[in-house]
Every structure is written in C-alpha cells, then in structure tokens.
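Subject: Structure handover

Hi,

Here is the structure I said I would pass on. Have a look at it first, then read my notes below.

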Amino acid sequence: MSPVTHTTRPQHNGILVLDYGSQYTLLIVRRLREIGIYSEVIDGRESQPPAGFQIDGIILSGGPDSVYEDGSRPLPKWVLPLNVPILGICYGMQLLVEQAGGHVRAATKREYGHAVMHAKKSSGPAACLFPPTPVKQTVWMSHGDDIAKIPDEFDISGETDDHVVAAITHKIKPIAALQYHPEVAHSEQGLELLKTFATKLCHLALSWDGKSRVDSLCKHIRDVVGDGHVLVACSGGVDSTVTAALLLKALGPDQVTAVFCDTGLLRKHEVEWVSERLKVLGLRHLEILRSSALFFERLKGVTEPEQKRKIIGGLFIEEFERYAKKHPEFTHLGQGTLYPDVIESAGHGAGSKVIKSHHNVGGLPDRLALKLVEPFRWLFKDEVRTIGLELGLPEELIQRHPFPGPGLAVRIIGDVTPERVAMLQEADHIFISALREHGLYHVPWQAFAVLLPVKSVGVMGDNRTYQQTIALRAVTSSDGMTAGVADLPLSFLTRVSDMIVRRVQGINRVVFDITTKPPATIEWE
C-alpha cells in the first residue's frame with residue numbers, strides 16, 4: 001500500500017489569504033472566487049509560503065489576538081520580501097502598522113457592527129481602493145483594538161464618525177489596510193474593494209469561472225490518473241455525482257467505475273433513486289455494495305459523534321478496498337471532498353481547530369491501497385454546482401439539498417439502530433416531500449429531520465404516550481460555512497408536525513431548530 005497523497009490544487013496562482021483566526025477568513029476566499037479570482041487560505045503562522053503556488057497578492061485576515069500581547073501571531077518573515085500587493089484586514093492591519101513602526105492600542109470604544117467611514121484623500125498605488133465617491137460608506141466593524149499612530153509611510157484613507165482610523169494606504173508600495181471587514185456583506189463597497197485589489201493592484205484577470213474550472217480540473221485529473229482506472233465513491237449527493245461526471249469527461253467511461261455503498265444510513269428510497277440518476281451520466285460501470293449489516297454492527301453502542309464519523313469513514317474505505325482487490329485495474333479512489341470538509345476537519349493546513357471530522361477526511365486510514373483523486377478538494381459547494389451545470393447535469397441533481405457522507409448516523413443522536421433509522425427515514429421523507437409539494441423545497445439550502453434521544457409525555461386519543469422527539473432543521477446558506485434559519489411558514493411546519501406524529505410510530509413531538517451557524521453547526525453531530 002502507498003501513503004495517502006492528496007490531489008494538487010486546480011490552479012497554481014492567485015491571492016493567498018493568511019488566516020489569523022477570524023470567523024470571516026473563509027469569506028475572504030469565497031468573495032474572491034465569486035469575483036472570478038482564485039484564492040487559497042493558509043495558517044498565518046506558516047514559516048514558508050506554499051510550494052508550487054505563485055502568489056500574486058496577499059490578504060492578512062482578522063483575528064482575536066492583540067499585536068501588543070505576548071504570544072500574538074506575528075507577520076511571517078517571508079511576506080514583505082515577496083514584494084507583492086498586500087491588504088491587511090482588522091488584525092492584519094494592526095500587524096502591518098506594528099511592522100512599520102506605528103502604534104496599536106486597546107480601543108477606548110470597541111466597535112462591533114455597522115459604522116460609517118468617511119473617505120480621505122490619499123496617495124500611492126493603493127489609493128485606487130478608495131475612490132473619492134462615495135464620500136462616506138457603511139462598513140462592518142469587529143474589533144477591540146485600533147490604531148493610535150500610523151507609520152510615516154502611510155496615509156489615512158478613511159475614518160469613522162468616532163475618528164477611528166478605518167483605512168490606510170502606503171505612499172509608495174501597493175499596500176493597504178482596513179480596520180473593517182470588506183468580505184462581510186454589510187460593508188457596502190467591500191466586494192468592489194476586493195475586486196479592485198485583485199485586478200488593479202495584483203493585475204489578475206477574472207478567469208476563475210465555470211468553463212475555466214472544468215478545463216483546469218480535467219487537465220488536473222488526467223495528470224493525476226494518467227492511464228489508471230478510478231473507482232469513484234458515489235453517494236447520490238451533489239458532490240460525488242458531479243465528481244463522477246467530471247471524471248467521465250476527463251477520462252472517458254472506460255477508466256471510471258462508480259461504486260455506490262448502501263450503508264443502511266441513507267434517505268428513504270435512496271438506493272433506487274441514486275441508481276437511476278447515475279445512469280444518466282453515461283456510466284458503463286455501476287456497482288452497488290450491500291453493506292448495511294456491516295455498518296450497523298460496527299456502530300452498535302457507539303454514541304460519540306466523532307467516533308461515528310471515523311467508523312463510517314473507515315468502513316467506506318474498507319468496503320471500497322475490498323471491492324477493488326477483486327479488480328486489480330483500479331489505481332485511484334475518487335471522492336467528492338470539498339474545501340469546507342477539509343477546513344472543518346483541520347486538514348487544510350490553516351491551523352483551524354477540528355469542528356467535526358468529515359467521513360472522507362477524518363475517516364481515512366494513514367495508508368491506502370489506492371491513490372486519491374479529489375478534484376474538488378479546493379472548491380466550495382457553489383463552485384461544484386456551477387461545474388455540474390457546465391457539464392449539463394440535470395437540475396434535480398445539481399440543486400438537491402446536501403446530504404452528509406455519514407448519512408443518518410449523524411442525524412440520530414445516540415445509538416444507531418435499524419429501527420431508529422427507519423423511524424428517521426420516514427419523518428425526513430414526510431418533511432422533504434411536503435417542502436416539494438408546497439413549492440418550498442428551494443427556500444432552504446438544506447432541510448432535514450433529526451431523531452433526538454428525548455422522550456416526552458403526550459396524548460393520542462384517550463391514551464397517554466411516552467415517545468420520542470423529532471427536530472426539523474431548515475437553513476439558508478451558500479456554501480455551508482455559515483448558515484441562517486429558513487423562513488418557513490408556521491402553518492406549514494404545524495402541518496408537517498401533524499403528519500409526522502400521525503404517521504411515524506414512536507414519535508409524539510416535533511420541534512423546529514432556529515439556531516444559526518455559528519454558533520451551531522448545520523448538522524447536529
């Protein structure tokens with residue numbers, strides 16, 4: 001067996017974002033890619049820039065540290081000598097100010113939320129980021145420190161009503177810094193500022209679009225796989241389905257076999273639904289592994305969420321490897337791993353803490369008999385959907401709600417048993433079917449049911465009941481990194497609750513989850 005090796009990036013130049021722990025860091029990368037600029041994020045403490053990546057510009061993120069405190073994260077020594085355009089945001093601004101001999105202090109008045117910035121005339125190449133109109137604009141602040149004294153080589157480009165320094169530009173170099181967050185939608189000129197930074201200071205073309213992604217990823221796949229044969233792990237979800245379609249386009253049907261593992265943890269009628277839709281892709285080879293008994297046996301008595309994920313991830317690989325051993329032509333395992341999966345599993349190198357291990361990241365063994373090909377490892381969900389549309393996949397596949405790789409195991413709090421899975425499958429099916437019937441399916445980005453380990457007293461007819469609880473979850477999002485609560489009518493939710501209680505044996509109470517992400521995650525486990 002060979003060591004696990006992950007696929008290389010689909011593009012080798014762009015803007016590098018250094019992460020100092022801000023909750024908004026991934027939004028910076030997202031906004032740049034929305035504009036059409038390729039971007040990546042790394043830990044702000046890295047001692048060396050990423051190998052093989054041409055850095056056309058650098059953005060320093062915000063973060064919780066104070067530059068004047070011991071142990072605060074410093075600016076890496078390699079950043080300034082690169083002589084590329086730099087944009088510092090919040091903590092990133094304070095790093096640049098301190099580096100240049102200015103002074104950062106604890107703010108006398110902390111700013112969180114909306115503020116008004118007044119533009120001021122400045123010089124230097126970065127002055128283009130702050131055009132004279134509008135004279136004032138709404139910006140989004142989130143800081144406890146501010147600038148007491150700016151370095152001599154910088155101009156003040158913007159101040160708030162409270163005379164807090166909101167923006168500065170270097171008088172000679174293409175360097176600018178902001179106390180506010182342009183990546184947050186509440187900063188009304190934020191997206192335009194990022195676009196100007198990328199195009200006018202970094203001189204980048206807006207080339208990261210659907211067609212260029214498909215072309216670069218196809219080349220990338222051919223380079224990685226060569227004459228090999230890919231066993232692509234399919235779940236029927238958007239990510240793995242588009243992965244299979246892209247592999248087919250890049251390599252042709254003779255080099256791709258789709259294997260769908262029936263874990264017993266899928267949605268109601270999922271095996272039949274997936275089998276039919278995958279045939280639309282033009283796959284010549286589709287295998288279904290009937291593995292539910294094995295998964296239930298290994299999960300017996302397991303209640304800890306991380307352990308569930310790791311067991312399921314390991315079993316996925318075991319089953320695919322067991323199948324592959326019978327087919328020596330397989331050289332690679334294809335997966336629909338996404339950038340947020342890697343980030344939340346703390347496998348991307350940005351120093352973030354583990355939020356939860358994703359089955360296709362945290363569950364992988366240290367050594368695999370197959371090499372990995374993960375074309376979407378650097379992409380967000382909306383970018384994958386764009387690629388799917390570019391490939392001509394049907395709307396019902398591309399716009400389907402996301403479904404977790406570990407399946408219903410992470411939507412059952414506590415023991416995972418066939419009986420509890422069947423109960424959740426039915427409740428979830430009622431909820432999703434009702435969304436479709438009432439024309440509400442596309443209101444949430446993702447909707448599902450969760451089975452709670454909570455029993456409560458109820459009454460049905462003249463009889464007392466003591467049964468379990470279902471929680472309904474419906475969120476709005478673009479990529480799963482942050483999420484709001486979908487605005488579903490109360491009358492609709494009441495109707496769904498009534499149907500679930502009447503039709504699902506063992507359920508006598510339904511609740512609706514109204515928690516955003518953060519502080520919660522979208523899935524309960």
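Two strands count as a pair here if DSSP finds at least two bridges between them. Keep in mind as you read that this is a predicted model.

**Strand S5 and its partners**

By that rule, S4 (residues 54–60) pairs with S5 in the parallel sense, and three bridges link them. In this pairing, Ile59 sits opposite Leu87 of S5. S5 also runs parallel to S10 (residues 175–178), to which it is joined by four bridges. There, Ile89 is the residue that stands opposite Leu178 in S10.

Side chains in a regular strand alternate between the two faces of the sheet. So which residues of S5 (residues 86–89) lie on which side, and are they buried or exposed? Ile86 and Gly88 are on one side, with Leu87 and Ile89 on the other, and all of them are buried, so both faces of the strand are covered.

**Helix H2**

The next thing I looked at was H2 (residues 91–99). This helix is largely enclosed by the rest of the structure, because seven of its nine residues are buried. Those seven are Tyr91, Gly92, Met93, Gln94, Leu95, Leu96 and Val97. After H2 comes Gly101, which has a positive phi, near 95 degrees.

**Two loop residues**

Asp161 is in the loop that connects strand S8 (154–160) to strand S9 (165–170). Leaving out residues up to four places away in sequence, Asp161 touches Val116 and His118. From Asp161 to Lys136 the C-alpha to C-alpha distance is 9.9 Å, with their positions 25 residues apart in sequence.

His229 is also a loop residue, found between helix H4 (210–225) and strand S11 (230–234). Why does His229 count as buried? Its relative accessibility is 11%, and the cut-off for buried is under 20%, so His229 falls on the buried side. Apart from neighbours within four places in sequence, His229 is in contact with Asp254, Gln255, Val256 and Thr257, and also with Glu329, Phe330, Thr331 and His332. With Asp254 there is a polar approach: a polar atom of the His229 side chain lies 3.4 Å from the backbone oxygen of Asp254.

**A pocket and a cavity**

You may want to look at the second largest pocket, which holds about 380 Å³ of space. Its lining is made up of 21 residues, and Arg267, Arg400, Ile432, Arg436 and Tyr441 are the ones nearest the centre. Helix H6 (270–279), helix H11 (395–398) and helix H12 (418–437) are the elements that each give two or more residues to this lining. H12 gives the most, with six. What classes of residue line this pocket? There are nine charged, seven polar and five nonpolar residues.

As for enclosed space, the search of the whole structure turned up two cavities of 30 Å³ or more. The second largest cavity has a volume of about 40 Å³. Its lining consists of Cys234, Ser235, Phe260, Cys261, Thr263, Leu266, Phe316, Phe403, Pro404 and Gly405. By class, that lining has seven nonpolar residues, three polar and no charged, whereas nine charged residues are found in the lining of the second largest pocket.

That's all from me for now.

Cheers

Notes. Residues numbered from 1 in each chain as written. Predicted model: local features only at pLDDT ≥ 70, side-chain atom pairs only at ≥ 80, totals over all residues. Heavy atoms only, no water. Buried < 20%, exposed > 50% of the residue type's maximum accessible area, 1.4 Å probe, protein only. Polar contact = N/O pair within 3.5 Å; in protein donor to acceptor, adjacent residues only side chain to side chain. Contact = heavy atoms within 4.5 Å. 1 Å grid on protein atoms, 1.4 Å probe; cavity = no way out; pocket = protein on both sides within 12 Å on 5 of 7 lines; lining within 4 Å. Points joined across faces, edges and corners; volume = space filled by probe spheres on them. Nonpolar A, V, L, I, M, F, W, Y, C, P; charged D, E, K, R; others polar.
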